[in-house]
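Let's take a walk through a protein model together, going from its sheets to its helices and then to a couple of single residues. Keep the 3D view open as you read.

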Amino acid sequence: MSAPVNVPPIPTPRTIAVVTGTRAEYGLLKRLIARIHAAPETELKLIPCAAHLSPDHGHTVSEIEADGFPIADRVEMLLSSDSAAGVTKATGLGMIGFADAFARLRPDLVVVLGDRFEILAAASAALFAAVPVAHINGGETTEGAFDEAVRHAVTKIAHLHFPAAAPYAERIVQLGEDPARVFDVGGLGVDAILALEPISREALEAELGFAFGTKSLLLTFHPATVEGEDPRPQMQALLNALDRHPDIGLLFTLPNADSGGRALTAMIQEYADRRDNAVAHVSLGQKRYLSALRYVSGVIGNSSSGLAEAPSFGIGTINIGDRQQGRLRAASVIDVSADAQAIDAAINQLFSSHFQASLPHARNPYGTGGAADAIFEIISTHPLSGLLKKRFHDLAPTKGHTP
């Protein structure tokens with residue numbers, strides 16, 4: 001009688017939940033999601049939430065479905081309100097929804113990106129469910145938005161950290177996180193640009209109903225939320241400045257689901273409806289957005305994409321106000337106050353021959369690509385045992401403290 005053969009057990013795939021709430025964040029996560037979905041050693045549990053599920057914000061979950069990724073759960077959380085109270089209540093609803101989703105899906109790891117209120121809700125629910133969190137794009141600063149506090153709060157909840165640049169990695173360690181759990185992988189936006197198969201100029205113009213012409217700008221302006229001020233005067237200053245340049249084509253994308261965003265949306269739509277040189281779209285989707293960056297003369301507003309993606313296209317950025325204050329920026333970025341005269345001067349500077357000649361020499365500070373692959377290798381192989389236990393990493397041990 002032959003001895004029994006010991007057959008090693010088939011390893012169980014690591015279940016990884018990925019949370020996404022906005023069009024921009026999904027565009028950054030898309031290549032990582034594809035790696036998780038395709039690999040035999042991981043099982044994707046994709047959870048769209050918030051603006052993805054909102055008709056007012058383009059119902060961009062349809063883009064996820066069109067890309068063929070299976071959706072494990074959906075967390076409805078937005079209210080018919082963008083007031084401070086409405087955002088607070090939406091965060092609470094999000095925590096309830098993610099609590100149910102994590103209890104049902106039982107992921108081994110939760111991946112979140114960025115600093116929005118829905119990400120805080122997801123990370124908080126994972127904390128109480130005792131599920132490790134991998135956080136992408138921590139360590140950054142945005143002094144003009146409450147995203148600053150959300151981002152650092154998620155850092156303190158998270159167990160694995162994937163900042164987009166070395167200074168951000170240093171800041172995460174400064175917040176007390178173990179350097180062995182902090183991985184400087186670069187920015188996911190650069191990966192998206194390298195993987196882009198752009199839509200042709202003619203096809204994109206037909207899709208958008210917009211002619212790029214010799215001078216055109218891509219505009220995205222979100223409320224600066226940290227001080228609770230009315231964002232409409234800043235938007236009006238931008239629109240007043242744009243009125244001084246009727247020869248420039250204007251391609252607007254509408255604001256995210258932030259406090260005060262609906263008022264800005266109404267102002268943009270009214271402005272675009274009254275002008276032949278302007279069009280507004282709720283969402284371009286990543287491919288159309290990145291393709292548009294190839295054909296516009298520059299970008300203007302206060303979106304992080306003007307700092308993280310636009311420099312890779314060799315175009316200038318006019319960054320308005322302090323929403324992105326504290327983030328790394330290339331030499332192609334012109335910082336300006338939310339004042340019509342200052343914005344007008346910045347537009348003239350962007351189109352000046354001297355500034356245009358400097359653009360080929362501008363370097364994107366967010367790396368040269370490969371972030372998605374680097375993140376996947378770590379989240380698919382890093383030991384999970386003991387990951388939930390965190391010890392505060394002191395830069396200099398306090399008196400009487402034994403590390």
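How many bridges join strand E6 to E9, and in which sense do the two strands run? There are 4 bridges between E6 (residues 216-220) and E9, and the two run parallel. Before we go further, keep in mind that this is a predicted model.

## The six-stranded sheet

E6 and E9 belong to an open sheet of 6 strands, which line up in the order E8-E7-E6-E9-E10-E11 with parallel pairing. At the edges you'll find E8 (278-281) and E11 (333-336), each pairing on one side only. Going from one strand to the next, the twist averages 20 degrees.

Now zoom in on the part of the sheet that runs from E6 to E11. E9 (residues 298-301) pairs with E10 in the parallel sense, over 4 bridges. E10 (residues 316-320) also pairs with E11, again in the parallel sense and over 4 bridges. Here are some of the residues that face each other across these strands:

| Residue | Opposite residue | Strand of the opposite residue |
|---|---|---|
| Thr220 | Gly301 | E9 |
| Gly298 | Gly316 | E10 |
| Gly301 | Asn319 | E10 |
| Ile318 | Ile334 | E11 |
| Asn319 | Asp335 | E11 |

You can follow a little chain through the table: Thr220 stands opposite Gly301, Gly301 stands opposite Asn319, and Asn319 stands opposite Asp335.

What about the two faces of these strands? In a regular strand, the side chains take turns pointing to one face of the sheet and then the other. In E9, Gly298 and Ile300 lie on one side, Val299 and Gly301 lie on the other, and all of them are buried. E10 tells a similar story: 5 of its 5 residues are buried. On one side of E10 sit Gly316, Ile318 and Ile320, and on the other sit Thr317 and Asn319.

## A residue just before E9

Step back to Ser297, which is found in the loop between helix H11 (285-295) and E9. Is Ser297 buried or exposed? Its relative accessibility is 15%, so Ser297 counts as buried, since the cut-off for buried is under 20%. Leaving aside neighbours within four places in sequence, Ser297 is in contact with Thr214, Lys215, Ser216, Ile315, Gly316, Leu350 and Phe351.

## The five-stranded sheet

There's another open sheet to look at, made of 5 strands in the order E2-E1-E3-E4-E5, and its pairing is parallel too. E2 (42-48) and E5 (160-162) are at the edges with a single partner strand each, so each has one side without a neighbour in the sheet. Neighbouring strands of this sheet are turned by 20 degrees against each other on average, if you ignore direction.

Inside this sheet, 3 bridges join E1 (residues 14-20) to E3 (residues 109-113), and the two run parallel. Look for Ile16, whose bridge partner in E3 is Leu109.

Helices lie across this sheet as well. H4 (residues 117-128) lies across E1, E3 and E4 (133-136), running at about 160 degrees to E3. H5 (residues 147-157) lies across E3, E4 and E5, and runs at about 145 degrees to E4.

## Where H1 meets H15

Now for a pair of helices. Two packed helices are described by the angle between their axes and the distance between those axes. For H1 (residues 23-38) and H15 (residues 371-381), the axes come within 9 Å and cross at roughly 40 degrees. The two helices are therefore oblique to each other, and H1 passes H15 in a right-handed crossing.

Which residues meet here? From H1 come Arg31, Leu32, Arg35 and Ile36, and from H15 come Ala372, Asp373, Ile375, Phe376, Glu377 and Ile379. The residues of this contact divide into 6 nonpolar, no polar and 4 charged.

## Asp191, a residue with distant partners in sequence

Finish at Asp191, in helix H7 (residues 188-194). With a relative accessibility of 8%, Asp191 counts as buried. Asp191 and Gly370 are 179 residues apart in sequence, but 6.2 Å apart in space, C-alpha to C-alpha. Leaving aside neighbours within four places in sequence, Asp191 is in contact with Arg31, Gly369, Gly370, Ala371 and Ala372. You've already come across Arg31 and Ala372, as both take part in the meeting of H1 and H15.

Technical notes. Residues numbered from 1 in each chain as written. Predicted model: local features only at pLDDT ≥ 70, side-chain atom pairs only at ≥ 80, totals over all residues. Heavy atoms only, no water. Axes fitted to C-alpha atoms, helices over the stretch in contact; angles between N-to-C directions. Parallel < 35°, antiparallel > 145°, perpendicular 65-115°, else oblique. Left-handed = near helix turned anticlockwise from the far one by under 90°. Contact = heavy atoms within 4.5 Å. Nonpolar A, V, L, I, M, F, W, Y, C, P; charged D, E, K, R; others polar. Pairing = 2+ DSSP bridges. Buried < 20%, exposed > 50% of the residue type's maximum accessible area, 1.4 Å probe, protein only.
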